[in-house]
Amino acid sequence: MDFNHITRPLTDDEAKAEAERIIARSFQQSLPPVRHIPTSFRDDTPLPAYGDTPPVHQDDKRIVPAWAAGIAVASIGVGAGITGIGCGAWLVLQGLASVTLYGVLMVTLPFAGVAMVATAIGGAFSKARRSVSKTVYEGPVTQNTQINNTSNQRGMFSRTRNDVR
């Protein structure tokens with residue numbers, strides 16, 4: 001191929017010939033077939049099962065930063081913890097879905113019994129304390145009630161104050 005025209009400008013005759021070639025090709029009825037060029041190659045020949053050269057050990061030279069390893073371990077722990085919490089919530093909700101009145105009564109019966117015993121013990125202590133000291137006040141009682149109403153009104157705003165003594 002001649003690539004010389006790429007590096008230098010075309011002469012007038014070459015430019016005229018190239019223009020005629022482009023015009024003739026663009027108005028042609030049938031275009032020549034496009035030549036397909038392969039862009040990849042696959043070697044399908046079978047590989048030998050063994051060879052003359054022994055395998056060579058290749059060292060692993062990947063370096064993982066400590067913070068990346070820590071984040072990976074933490075994410076695994078968080079995932080496992082969330083899974084456990086989810087399973088526990090599922091079990092609780094499955095249990096709540098099958099709640100009956102008798103089941104609720106059976107669960108709350110020990111708490112009601114403890115509350116009843118605590119109330120009985122508290123009542124016994126209260127009665128024992130009242131029987132030990134009995135204070136009786138005897139004497140005249142005087143009661144005074146005085147009510148003062150003050151009202152300040154000025155225009156649109158007002159204030160009323162009631163003092164009871």
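## The salt bridge in H2

Let's start with Glu18, which is partly exposed at a relative accessible area of 32%; that label covers the range between buried (under 20%) and exposed (over 50%), using a 1.4 Å probe and protein chains only. Its partner is Arg21: the two form a salt bridge, with the closest N and O atoms 2.4 Å apart. Arg21 is partly exposed too, with a relative accessible area of 43%. Both residues lie in helix H2, 3 residues apart, or about one turn of the helix. The count for this model comes to 1 salt bridge, defined as a side-chain nitrogen of Lys or Arg within 4 Å of a carboxyl oxygen of Asp or Glu.

Helix H2 spans residues 12-26 and also holds Glu14. The Glu14 side chain reaches back to the backbone nitrogen of Thr11 at 3.3 Å, and a polar contact here is a pair of N or O atoms within 3.5 Å, one able to donate a hydrogen and the other to accept it. Glu14 has 30% relative accessibility and counts as partly exposed.

## Model and confidence

This is a predicted model, with local features needing pLDDT of at least 70 and side-chain atom pairs counted only at pLDDT 80 or more, while totals for chains, interfaces and linings use all residues. Residues are numbered from 1 along each chain as its sequence is written, and side-chain values use heavy atoms, leaving out hydrogens and water.

The chain averages a pLDDT of 80, and 80% of the residues score at least 70; pLDDT is the predictor's per-residue confidence, from 0 to 100. Among the elements, helix H1 (residues 4-7) has the lowest mean at 62, and helix H3 (residues 66-97) has the highest at 90. Where pLDDT is low, don't read the predicted coordinates in detail.

## Annotated transmembrane regions

An unreviewed UniProt entry places "transmembrane region" at residues 67-93 and 99-125; such annotations may be inferred rather than shown by experiment. Residues 67-93 are 100% helix and 0% strand, with end C-alpha atoms 38 Å apart. For residues 99-125 the figures are 93% helix and 0% strand, and the end C-alpha atoms are 38 Å apart. Helices are DSSP runs of H or I with at least four residues, and strands are E runs of at least two.

## A nonpolar patch

Val92, Leu93, Leu96, Val99 and Val104 make up a nonpolar surface patch with about 450 Å² of accessible area together. Patch members have over 30% relative accessible area and no salt bridge, and nonpolar side chains are joined within 5 Å. H3 gives the largest share, 3 residues.

Val99 sits in the loop between H3 and helix H4 (101-132). At 46% relative accessibility, Val99 is partly exposed.

How values were computed: Patches are made of residues with over 30% relative accessible area and no salt bridge: like charges are joined within 9 Å, nonpolar side chains (Val, Leu, Ile, Met, Phe, Trp, Tyr) within 5 Å. Accessible areas come from the Shrake-Rupley method with a 1.4 Å probe; for residues, only the protein chains shown count as cover.
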